[in-house]
Amino acid sequence: MTHHNLLEKFLKAYPIDNGDIDCWYKIDESTIRVRLKNRKEMIFTHMSSNKWCIESMDAYNQRMRAERKLKMQKNEKRD
């Protein structure tokens, strides 16, 4: 899926006027960061056709830290 497709899915999930978007960036293959003109930022992650997540930057960073920590713990158990 292209990042433009991700933006389209974001706009369907979070109905705002496309003109309210200041800019957006790709984070990874299924995640984009959207900055609105009111300076709010959101992270949109598309997981499957009917599963997605919109979260604040802080919530996204906390989730990523927790996922990295779990991954490191699993790797340590393998060794």
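At 25% relative accessibility, Arg33 comes out as partly exposed in this predicted model. Its side chain pairs up with that of Glu41 in a salt bridge, with N and O 2.5 Å apart. Glu41 is partly exposed too, at a relative accessible area of 23%. So what does it take for the pair to count? The cut-off for a salt bridge is 4 Å, so a gap of 2.5 Å gets this one in.

Next up is Arg35, whose side chain meets the side chain of Asp22 in a salt bridge, this time at 3.7 Å from N to O. Arg35 sits in strand 2 (residues 31-36) and Asp22 in strand 1 (residues 21-28), so the bridge ties together parts that are 13 residues apart in sequence. How open is each partner? Arg35 has a relative accessible area of 17%, which makes it buried, while Asp22, with 37%, is partly exposed.

These pairs don't stand alone. Asp22, Arg33, Arg35, Arg39 and Glu41 are all linked in a network of salt bridges, and both of the pairs just described have their residues in that group.

Arg63 and Glu55 make another salt bridge, and their closest N and O atoms lie 2.6 Å apart. Here Arg63 is partly exposed, at 23% relative accessibility, whereas Glu55 is buried, at just 10%. Buried means under 20%, which is why Glu55 falls on that side of the line.

And how many salt bridges are there in total? The count comes to 6, including the Arg33–Glu41 pair, the Arg35–Asp22 pair and the Arg63–Glu55 pair.

Technical notes
Residues numbered from 1 in each chain as written. Predicted model: local features only at pLDDT ≥ 70, side-chain atom pairs only at ≥ 80, totals over all residues. Heavy atoms only, no water. Helix = DSSP H or I, 4+ residues; strand = E, 2+ residues; numbered from the N terminus. Buried < 20%, exposed > 50% of the residue type's maximum accessible area, 1.4 Å probe, protein only.
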